[in-house]
Amino acid sequence: LYKMGNNTVKDWPKRWVILHKDRLTYWRRKDDNLPAGTIKLASLHVVTADNVKPNCLEFVTPTRCYYFHADEPSTIIRWAMAIDAESQRVREGLGEDVLSAMETEDLHAKRVAIRAQKSGMLGKAGKNVLQQWPKRFVLLRDDLLYYYKSSSDDKPLGVINLMLCTVKPNVPEKKFDVILPTRVYHFSCDSSQECAEWAAEITKAHEKIYDNLEAKSASMDRGLKMSGIAKYQTGASVDSSPAEAGNVLCGEEAKGGTEGKVEDNTAKDELLEFVKIPGNNTCADCKAPEPRWAAINLGIFICIECSGIHRSLGVHISKVRSVDMDKWSRDIVDFMKSMGNDKFNREWEKFVPQNTKPAPDAPRNERESYIEKKYNGVFKDEEKAAAVALAGKGEATPKQQKNYYKEGFITKQGNSVKTWKKRWFVVKTTGNSASLYYYKSKGDKMPAGIIPLTTADLDVNPSVKEKYALEIITPNRVFPVSFTSEAEKREWVEHLKMVMA
């Protein structure tokens, strides 16, 4: 198959691809000793991507999207069916009725045949600032939420992995949000009852993911005890890997693959090191030293006192695990390492008033009030209300008192086709809000897009290969940009931070 390179060139070199048990491996040459990459099927979803290239598949994982294409449509369809079927076996072990549906060559019939917990037409907010709510066909299946332009479409417009999501319903307004670490999806319903049902079903699907992780971990432990490999239970090294041990002990049940769903000793070691770094070595909420608990859907470390309050918020907001006592899969550890306390708090404590954060020895009622406000978005709502009140009195807000205008060329990566192109960027402020406009050319009157800065965050060291890169993170999208020099990058970062303050 041809694979799109994970580089700025985005070329399509040929790769030798092997689908075996719980993973897909690709090799630069057929006779190579080591693969160029491995894709685990436990968190993989296959989507057709003919808009990228004819006869193309997109493999969606929680951390990256891979693109493969073939010369013939029949070839790519066979691959799609085989990979999708195997990934389903790995994740859930679905029944024969579903697997037989996957064997058809009609991708639309396959999608409809696969049982879904819930489906229907919902309004979905677009990415533009006008916040239009076009109707979309939304389908919830297992741990993924698909949305299509219409119910007859074969290819979804997008897929939301629910493993690290938080659902925030607003039943009176007939709306709900699906909150991910890097984006917020907004949906609207025709009735309050429908809104409550959707929120409940998505929350149930999210919780089921972790229930399955724990169940598979417990099953693995029982098998290891029966075979006398008791060391694995305590995290000690053994001769065989957990995945190999599972295949030996559990026979056919293990063939679907357990890696990523049970504890990965290497991942656990990485987590124990990650919690020691500055920022993570104090509680995200009260700064107590050496936190030994984590909110795994938020990517933060918290102390034992704050962990109890997090549990009271509900698993739809915070999913608490012990750093030491619970098992940690590779997927969750990778997410924790991509977030961390400092990165999380830059966004979630942006609207927290000064001297509000509780001290490590704060009483429970003070700690509880702060945590509930922080994670239910109360601080943000209060900030907005204060801004409206100031505007009503005719008082100047901070952003009206300074000149925040700035303009210049910046190289920006596209959203769908990941190419880098120069765009003319302009910082503009209106009242108490600030936005970053970008144009295809300097003289254009209409912007190609608008980035709201009042709800944005900056990642100055992103995992992007482009030199002098920066990511502008908003609730709806991540915008990777790059500069011609470190000095230019620093100048823009300082200016954007001043605007966003």
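Below are a few short exercises on this predicted model, each with a worked solution.

The model is predicted, and local features need pLDDT of at least 70, side-chain atom pairs count only at pLDDT 80 or more, and totals for chains, interfaces and linings use all residues. Residues are numbered from 1 along each chain as its sequence is written, and side-chain values use heavy atoms, with hydrogens and water left out.

**Exercise 1. Get an overview**

Task: Find how many helices and strands the protein chain has, and what share of its residues count as buried.

Solution:
- Step 1. Let's start with the elements: the protein chain has 12 helices and 24 strands. Helices (H or I, at least four residues) and strands (E, at least two) are DSSP runs, numbered from the N terminus.
- Step 2. Now for burial: 48% of the 501 residues count as buried. Buried means under 20% relative accessible area, exposed over 50%, and partly exposed in between (1.4 Å probe, protein chains only).
- Step 3. Turn to contacts, meaning heavy atoms within 4.5 Å. Of the contacts in the protein chain with a separation of 6 or more, 49% are between residues 24 or more positions apart.

**Exercise 2. Look into the largest nonpolar core**

Task: Work out which residues touch the most other members of the largest nonpolar core, and which element gives the most to it.

Solution:
- Step 1. Here's what to look for: a nonpolar core is a set of buried Ala, Val, Leu, Ile, Met, Phe, Trp, Tyr and Cys residues joined through side-chain atoms within 4.5 Å. In soluble globular proteins, nonpolar side chains tend to be buried together.
- Step 2. The largest core has 38 residues, and I300, F301, W328 and Y375 touch the most other members.
- Step 3. Elements giving two or more residues to this core include α6 (265-274), β15 (293-295), β16 (300-302) and α7 (304-313). The top contributor is α8, with four residues.
- Step 4. Another core, of 21 residues, lies apart from it, and V427, A434, L470 and L496 are among its members.

**Exercise 3. See how α7 sits on its sheet**

Task: Say which residues of α7 are buried, and what they pack against.

Solution:
- Step 1. Pick out C306, S307, I309, H310 and L313: these are the buried residues of α7. Looking down the axis of α7, you'd see them fall within an arc of 165 degrees (taken from the directions from the helix axis to the C-beta atoms), so they line one face of the helix.
- Step 2. A general point helps here: an α-helix has 3.6 residues a turn, so residues three or four places apart point the same way.
- Step 3. The partners of that buried set are β15, β16, β17 (320-322) and α10.
- Step 4. Three of these partners make an open sheet, in the order β16-β15-β17, with antiparallel pairing. Two strands pair if DSSP finds at least two bridges between them. The edges are β16 and β17, each with a single partner strand, so one side of each has no neighbour in the sheet.
- Step 5. Check one pairing: β15 and β17 are joined by three bridges, and A295 stands opposite V320 in β17.
- Step 6. Lastly, the angle: α7 lies across β15, β16 and β17 and runs at about 115 degrees to β16. Axes are lines fitted to C-alpha atoms, for helices over the stretch in contact, and angles run from 0 to 180 degrees between N-to-C directions.
- Step 7. Just past the end of α7, G314 has a positive phi of about 100 degrees.

**Exercise 4. Track down positive phi values**

Task: Find where E290 and Y468 lie, and whether each is exposed or partly exposed.

Solution:
- Step 1. E290 isn't a glycine, yet its phi is positive, near 55 degrees. Its place is the loop between α6 and β15, and E290 is exposed, at 63% relative accessible area.
- Step 2. Y468 also isn't a glycine, and its phi is positive at about 55 degrees. Y468 sits in the loop between β22 (457-459) and β23 (469-473), and is partly exposed, at 25%.

**Exercise 5. Follow E407 and its strand**

Task: Find which residues E407 contacts beyond its sequence neighbours, and which strand β18 is joined to.

Solution:
- Step 1. E407 belongs to β18 (residues 406-413) and is partly exposed, with a relative accessible area of 38%.
- Step 2. Skip neighbours within four places in sequence, and E407 contacts W424, F425, V426 and W492.
- Step 3. β18 is mostly covered, with six of its eight residues buried. Two bridges join β18 to the antiparallel strand β24 (residues 478-482), where K412 has V481 as its bridge partner.
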